[in-house]
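Work through the exercises below with the structure open. Each one is followed by a worked solution.

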Amino acid sequence: MLFFSLENRLIVPLEGPARIVSELTSRGYNAERTAVTLIAGTENPQATLERVVAQLPSDTIVVRTEQVRSVIETAPVSEPTEDPSISTGTTTQQQHTGPWNAPVETEGSHETNSGERTAAGRSSTQSRATRSEAMRDVEIVGDMTGESTGTGAYKDFVTVFRDRLERLGSKLRGRVNHRPATSIAQMPGGGAVGMVGLVNDIRSTASGHWLIELEDATGTFPWLVMKDREYADVVEELLCDEVLAMEGTLADDSGIAFVDSLYFPDVPRTHQPSTADRHVQAALISDVHVGSQEFMHDAWTAFADWLHTEQAQHVEYLLIAGDMVEGVGVYPNQDEELDIVDIYEQYEAFNEYLKLVPGDIEIVMIPGNHDAVRLAEPQPGFDETLRGIMSAHDAQIVSNPSMVTLEGVSILMYHGVSLDEVIAELPAEKASYEEPHKAMYQLLKKRHVAPQFGGHTRLAPEERDYLVMEEVPDIFHTGHVHKLGFGKYHNVLAINSGCWQSQTDFQKSVNIDPDAGFAPIVDLDTLNVTVQKFS
Ligand code: D5M
Ligand code: FE
Ligand code: ZN
């Protein structure tokens with residue numbers, strides 16, 4: 001259905017870059033954004049496009065700026081498009097001079113070869129963009145695609161929790177004089193004691209105090225937080241299965257300890273984020289939901305159009321944090337709001353929308369809970385079939401979560417299902433849908449993307465806990481809750497990107513008012529954020 005609507009658009013005259021991109025992609029080409037801008041800037045974009053396409057070598061995948069420039073400069077676009085002498089001539093020339101295949105730095109030869117300077121103003125920008133491709137740098141850490149070993153057996157859960165305690169505990173053991181749970185009970189009453197463990201249980205006592213049971217590899221030990229002590233406030237932030245350190249005083253019978261201090265693994269306050277060495281930007285988005293009746297076709301097209309403009313020339317990376325498509329059978333009655341009912345067709349349609357994004361933008365994407373991968377986290381990156389379908393961009397497809405480093409700036413990408421849980425469990429001033437970044441602060445503090453097991457968040461038992469934040473990221477990027485929000489926690493930039501889906505019936509019924517059609521843009525050299533609105 002959607003393909004028809006895309007194709008129909010091709011019949012109307014080419015205007016915006018996105019139309020030109022659709023036309024090129026319908027013929028199997030991806031294009032550099034400056035190539036598209038150049039075509040759009042000619043008197044007759046359709047004719048220019050025909051001429052460019054006629055001259056492309058048969059193995060072309062990406063239409064390069066130089067190829068377009070050379071077509072524009074060889075003849076005025078108002079001439080007939082089918083001119084064999086020109087196309088053959090140019091092609092021959094290309095074989096000698098090589099610009100058709102030259103990836104970068106062709107400005108010099110362009111200037112000497114051509115007396116035609118009409119495009120000169122633009123060409124300086126274009127060359128800057130092309131040159132910067134060589135400076136791009138994407139590294140991935142923690143991608144567990146293809147590494148899954150868990151069988152779902154009980155012992156696998158034991159292994160994954162041990163790993164969590166080991167790795168997050170190591171960040172805490174230096175801060176307290178800790179003892180194993182079982183040996184604490186053997187210590188003389190009244191003395192000072194410390195422990196590092198997973199939160200096994202949180203309950204209030206009849207007198208209004210809080211009892212927190214910590215568990216380590218040896219057993220459990222109960223810790224009491226008195227209602228009038230400063231840590232009583234912190235208790236409301238606690239989630240089951242997170243790792244904490246506590247210090248306090250043993251009761252006379254050594255059966256319980258009274259908490260004097262409590263520590264989270266946390267991000268050090270002194271954390272200094274890394275920044276890129278040049279002015280380059282990344283667009284951080286998520287929750288595209290192609291296939292839903294509420295998918296915002298026009299907003300996405302406007303976003304893609306904008307990416308082709310000079311204003312967006314520094315946007316060289318696009319990160320998509322899950323929910324590419326609406327999926328099938330994710331929530332009850334979801335099928336009533338589907339525009340495309342077949343999951344593979346949804347990905348094909350998503351791929352068409354991906355093609356509207358300039359071909360020279362590096363894309364990294366992770367799956368979300370609507371995507372066709374296992375629901376339990378960590379979610380491996382898409383399988384080969386889906387990668388084949390979403391091949392428009394040569395996007396890097398990695399697991400949820402993954403740490404992606406762009407030119408030295410590390411970005412932890414996580415879809416964000418646990419945010420629902422953090423928001424449900426914590427008081428509104430600490431985590432709410434209105435301020436999703438504050439819920440992200442809690443995850444940073446706990447150094448784990450999905451601390452609580454057994455609620456919304458499904459955990460796949462693996463040999464290691466991939467959901468632990470081993471390293472502090474410079475940027476933490478999530479989605480899922482469909483609300484835009486960002487802020488800094490101990491110098492880490494937390495961004496929850498909005499979505500590209502207008503309010504669904506379910507969201508209406510529970511008063512979720514999504515932030516749809518926004519693209520937060522991060523300056524990687526300063527970590528400043530600007531928000532572009534497309535709806
Ligand atoms: O979910 C987007 C947001 O809406 C996220 O906060 C969960 C919530 N949501 C959406 N639909 C449902 C249903 N049917 N039940 C419970 N919660 C829901 P996303 O998964 O990205 O669509
Ligand atoms: Fe979503
Ligand atoms: Zn989601």
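**Exercise 1. The chain as a whole**

What does the accessible surface of the chain come to, and what percentage of it belongs to carbon and sulfur atoms?

Solution.
- Note the status of the coordinates: this is a predicted model.
- The accessible surface of the chain comes to about 21,700 Å². Carbon and sulfur atoms hold 49% of it.
- Turn to burial: 58% of the 535 residues count as buried.
- List the secondary structure: the chain has 17 helices and 19 strands.
- Check the contact range. Among contacts with a separation of 6 or more, 71% are between residues 24 or more positions apart.

**Exercise 2. The zinc site**

Find the residues that coordinate the zinc ion (ligand 3), and place D323 and H415 in the fold.

Solution.
- Start from the ion. D323 (OD), N369 (OD1), H415 (NE2) and H480 (ND1) coordinate the zinc ion (ligand 3) at 2.1 to 2.3 Å.
- Read the donors along the chain. Their spacing is D-x45-N-x45-H-x64-H.
- Place two of them. D323 sits in the loop between β10 (315–321) and α13 (343–355), and H415 in the loop between β14 (409–413) and α15 (417–425), so the pair ties together parts that are 92 residues apart in sequence.
- Test burial against the cut-off of under 20% relative accessible area. D323 has 1%, so D323 is buried. H415 has 0%, so H415 is buried too.

**Exercise 3. The iron site**

Which protein donors bind the iron ion (ligand 2), and which residue coordinates both metals?

Solution.
- The protein donors of the iron ion (ligand 2) are D287 (OD), H289 (NE2), D323 (OD) and H482 (NE2). They lie 1.8 to 2.3 Å from the iron.
- Along the chain the donor spacing is D-x1-H-x33-D-x158-H.
- D287 lies in the loop between β9 and α12 (297–307), while H482 lies in the loop between β15 (475–478) and β16 (485–489), so this pair ties together parts that are 195 residues apart in sequence.
- D287 and H482 are both buried.
- Now compare the sites. D323 coordinates both the iron ion (ligand 2) and the zinc ion (ligand 3), and the two ions are 3.1 Å apart.

**Exercise 4. The six-stranded sheet**

Trace the open sheet that contains β9 and β10, and name its edge strands.

Solution.
- The strand order is β12-β11-β10-β9-β18-β19, with mixed pairing.
- Go to the ends. β12 (396–397) and β19 (529–533) are the edge strands, each pairing on one side only.
- Look at one pair. β9 (residues 281–285) and β10 run parallel and are joined by 5 bridges.
- Find a register point: L284 stands opposite L319 in β10.
- Take Q281, which is in strand β9. Its relative accessibility is 9%, so Q281 counts as buried.
- Check the Q281 side chain: it makes a polar contact with the side chain of D523 at 2.7 Å.
- Extend to other contacts. Beyond four places in sequence, Q281 touches residues including V315, Y317, I521 and L524.

**Exercise 5. The nonpolar cores**

Which members of the largest nonpolar core touch the most other members?

Solution.
- The largest nonpolar core has 60 residues. W300, F303, I320, F350, M365 and W500 touch the most other members.
- Follow I320. Beyond four places in sequence, the residues it touches include I285, V288, F350, L354, M365 and M413.
- A second core is separate and has 38 residues, among them V160, V417, A439 and F476.
- Relate this to a general trend: in soluble globular proteins, nonpolar side chains tend to be buried together.

**Exercise 6. A lysine and a covered helix**

Is K446 buried or exposed, and how many residues of α2 are buried?

Solution.
- K446 lies in helix α16 (residues 436–446).
- The relative accessible area of K446 is 1%, so K446 is buried.
- Find the polar partner: the K446 side chain makes a polar contact with the side chain of E242 at 2.7 Å.
- Add the surroundings. K446 is also in contact with residues including L168, L238, F264 and P451.
- Move to α2 (residues 17–26). This helix is mostly covered, with 8 of its 10 residues buried.
- Among the buried residues of α2 are P17, I20, E23 and L24.
- Step past the helix end: just after α2, G28 takes a positive phi of about 90°.

Methods: Residues numbered from 1 in each chain as written. Chains lettered and ligands numbered in written order. Predicted model: local features only at pLDDT ≥ 70, side-chain atom pairs only at ≥ 80, totals over all residues. Heavy atoms only, no water. Donors = N, O, S within 2.8 Å, 3.2 Å for Na, K, Ca; no water. Helix = DSSP H or I, 4+ residues; strand = E, 2+ residues; numbered from the N terminus. Buried < 20%, exposed > 50% of the residue type's maximum accessible area, 1.4 Å probe, protein only. Contact = heavy atoms within 4.5 Å. Areas by Shrake-Rupley, 256 points an atom, 1.4 Å probe, with all protein chains shown as cover. Pairing = 2+ DSSP bridges. Core = buried A, V, L, I, M, F, W, Y, C linked by side-chain atoms within 4.5 Å. Polar contact = N/O pair within 3.5 Å; in protein donor to acceptor, adjacent residues only side chain to side chain.
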